[in-house]
Amino acid sequence: MLDGALLIRRQRVPLRLSAASYLGGLVFGLALAALLLVQLGVPASALWQEFVVQTFLTSQGLGQTVTAMIPLVLVGLGTALALRVQFWNIGIEGQLWLGAMAATWVSIHDAGPEPLRLPLMLALSMLAGALWIAMPLALKLMWGVSEVISTLLLGSIAFFWVQHQLFGAWRDGTTGFPTSPTLDAAERLPLLGWGQVHAGLWLALAAVALAALVIGVTRLGFYARAVGANRRAARAAGLPVLLTVAVFVLGSGALCGLAGAVIVTGTEFRLSQSIGAGYLFSGIVIAYLARSNPLAVLVVGFLLGGLTTAGGVLKVFYGISEAMVLLVQGVVLLSVLAAQLFAEYRVVARRPA
């Protein structure tokens, strides 16, 4: 007769077990998500067609998936960089909003010469995102304030700041809607000749390559691994802990700010109230599923971009709400995390003495 069960951490997780648990959790999560969608009225026969064929195997669907992937990769990579040094960036949307606002400010005020305006918008968006996360970073380093609370609150402040601008000085006078005026042609990322895929794709790929290079090859990447594993031990060993944390956290904010500019200049061509919705959850999902690996962020971002594309189709043709699309992502994430738990821990039955 059993008296309960104990979870005992494995000293070493075999690669085969880790891969099997990851794939098993992913398959289980996708199956559970499919079951939920069928219960909501989506025909089972349409799931394969919408989620695989139309999303990844047609030129138009693949182009939409790649377009959706671009900001997802940037926010996922930003989250992954912060997690590398154990900094919980829960204010992704706040930095994204600030980046989008910085790019819009350049457009509205026609700042700089026209040929340099787009690079200026992108650079200023990265600076705005980095400055927005610099405040919680300073609070944590100086007084130990939890970054979970401070980044989350700053995200709300950024959102209400956007509302203030869109219902006030930045409101489009020609339409009266709470959106900024449309960007000029010189302020938009050029299209690559494949659907709506734009040059933001090169920015996302360059960011992934640079992050992979820094983490995998440079001394700074080694410092980040040491700090992430044990910050106190890294400090005792004489490593530059503060410098490492600052570089990775500010880089995280800069990438999230760049994501906001990419959305404004690549797909929306104006600032609106909805451009940042859902990216907080997506960024965390991507970083966790990729285990903060930049190359894996690219793969997971691509798959989540496909889910976003398929979710748009489900919303239009089957009346599935945005909340249900987010719920599907959550089901997949929880399934993978639960499977990883059983890879890292052994379940041992406890018997009465």
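These legends accompany four close-up views of a predicted model.

**View 1. Here we meet F159 and F160, an edge-to-face aromatic pair.** A search of the whole structure turns up 6 aromatic pairs. In the pair of F159 and F160, the ring centres are 5.6 Å apart and the planes meet at 65°, so the arrangement is edge-to-face, because planes over 60 degrees apart fall in that class. F159 is partly exposed, at a relative accessible area of 30%, whereas F160 is exposed, at 57%. Look out for W97 as well: together with F159 and F160, W97 makes up one aromatic cluster.

**View 2. F222 and Y223 show a tilted aromatic pair.** The centres of these two rings are 6.2 Å apart, with 55° between the planes. Their surroundings are worth a glance too. F222 has a relative accessibility of 45% and counts as partly exposed, while Y223, at 17%, counts as buried. The label for Y223 follows because buried means under 20% relative accessible area.

**View 3. Here a charged group meets an aromatic ring, with R188 placed over F269.** The charged end of R188 lies 4.3 Å from the centre of the F269 ring.

**View 4. Our last stop is S282, a buried residue in helix 11.** Helix 11 spans residues 279–289. The relative accessibility of S282 is 6%, so S282 counts as buried. Which residues does S282 touch, not counting residues up to four places away in sequence? The contacts of S282 are L72, L304 and Q329.

Technical notes. Residues are numbered from 1 along each chain as its sequence is written. This is a predicted model: local features need pLDDT of at least 70, side-chain atom pairs count only at pLDDT 80 or more; totals for chains, interfaces and linings use all residues. Side-chain values use heavy atoms; hydrogens and water are left out. Rings of Phe, Tyr and Trp (its six-membered ring) pair if their centres lie within 6.5 Å; planes under 30 degrees apart count as stacked, over 60 as edge-to-face and the rest as tilted. Buried means under 20% relative accessible area, exposed over 50%, partly exposed in between (1.4 Å probe, protein chains only). A charge sits over a ring if NZ of Lys or CZ of Arg is within 6 Å of the ring centre and within 35 degrees of the ring normal. Helices (H or I, at least four residues) and strands (E, at least two) are DSSP runs, numbered from the N terminus. Contact means heavy atoms within 4.5 Å.
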